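Got the viewer open? Let's walk through the ligand site one selection at a time.

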Amino acid sequence: MIWFTEYWTENVGLTVKADQVKRIRSKYQEILVLDTPQFGRMLILDGLVQTTEKDEFIYHEMLAHPALLMHPDPERVLVIGGGDGGTVREVLKHSSVKEVHLCEIDEEVILVSEKYFPTISEKLRDPKVKIFIEDGNEFLQERQNYYDVIIMDSSDPVGASEVLFQEEFYRKVKNSLRHNGIMVAQTESPVLQEEYFSKAYREIRKVFRNVGVYLAYVPTYPSGMWSFTIASDFVDITDTKRNIEKVKELKTKYFCDSIYACLFSLPGFVQDILKKS
Ligand code: SPD
């Protein structure tokens, strides 16, 4: 057994007792797989927890379902990042979806997930899924006006992922969306990463007409309070009654109709951060 710590800031972190299952250095990052008594198996990239067997459903359900419900008829979906496959699995719960493109820069993440996280990666080889091992930023340039929903399942905005949190990138996302297109991105913790959170909101608002922020409780992410930012030019993303009757069919464990109905209820201090962003 070892003790692993993810440093959330210079002064605070998440420490778990664990057995090391796999540690490799890919072309892009260090990939670590741990078995922990509390959170089950954990996937860690460059020292940052990406997903755990115990709480992955919270993040993946909350990232995927609101945008897919708000879109009138989502057929083509792009997931950028998300090589573990959890977001793809949730997207495929929507029967209107005909095609899911997964653009992941690091093929090793996919291979490790398929070997060590079968319940998360189980839909990666579904016939509706096409995997592209490419840089998301370059990938978008070649696909204009194509997707109904684009989901940013990125790692934190450091290193290769930094560009995915900038205005220029969000413009590319917008150009790749069809009419009624919706984008949703994971946008960090308002508690411990206020700068990143606030910057993502600011940059996304420069590009899209309608922007909303919602939260979920993800125990293994910094502070546990995690944010998602959803945006569209043509869809009123504040209408959380749209398709609410479909929520029960999704077979989810965290996302449910009452969470959907009050998706944009935010604590006062988070509203204040957004107001001054
Ligand atoms: N601090 C970790 C944020 C990671 C967000 N992406 C996770 C990818 C899981 N599919």
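For colouring by class, Ala, Val, Leu, Ile, Met, Phe, Trp, Tyr, Cys and Pro count as nonpolar, Asp, Glu, Lys and Arg as charged, and the others, Gly among them, as polar. On that scheme, the shell around the ligand has five nonpolar, four polar and three charged residues. Keep in mind that this is a predicted model.

Now select the shell itself: Val-49, Gln-50, Tyr-59, His-60, Asp-84, Asp-153, Ser-154, Asp-156, Gln-186, Tyr-221, Pro-222 and Trp-226 surround the ligand.

Next, show side chains and look at the ligand's nitrogen atoms. Asp-84 puts a polar side-chain atom 2.5 Å from a ligand nitrogen. A polar side-chain atom of His-60 is 2.7 Å from a nitrogen of the ligand, and for Asp-156 the distance to a ligand nitrogen is 2.9 Å. Switch on a surface here: the ligand alone exposes 330 Å², and the protein buries 99% of that.

Zoom out a little, and you'll find the ligand in the largest pocket. Colour β5 (48-52) and α1 (56-70), the elements that give two or more residues to the shell around the ligand.

Last stop: the rings. There are nine aromatic pairs to hunt for. Pick Tyr-59 and Tyr-221: their ring centres are 5.3 Å apart and their planes meet at 75°, so this pair is edge-to-face. Tyr-59 belongs to helix α1, while Tyr-221 is in the loop between β11 (210-217) and β12 (225-232), so the pair ties together parts 162 residues apart in sequence.

Technical notes:
Residues are numbered from 1 along each chain as its sequence is written. This is a predicted model: local features need pLDDT of at least 70, side-chain atom pairs count only at pLDDT 80 or more; totals for chains, interfaces and linings use all residues. Side-chain values use heavy atoms; hydrogens and water are left out. A residue is near a molecule or strand if one of its heavy atoms lies within 4 Å of it. A polar contact is a pair of N or O atoms within 3.5 Å; within protein, one must be able to donate a hydrogen and the other to accept it, and residues adjacent in sequence count only if both atoms are side-chain atoms. Accessible areas come from the Shrake-Rupley method with a 1.4 Å probe; for residues, only the protein chains shown count as cover. On a 1 Å grid over the protein atoms alone, a cavity is a set of points where a 1.4 Å probe fits but cannot get out, and a pocket is an open set with protein on both sides within 12 Å along at least five of seven lines; lining residues have an atom within 4 Å of a point. A molecule sits in a cavity or pocket if more than half of its atoms lie within 2 Å of its grid points. Helices (H or I, at least four residues) and strands (E, at least two) are DSSP runs, numbered from the N terminus. Rings of Phe, Tyr and Trp (its six-membered ring) pair if their centres lie within 6.5 Å; planes under 30 degrees apart count as stacked, over 60 as edge-to-face and the rest as tilted.
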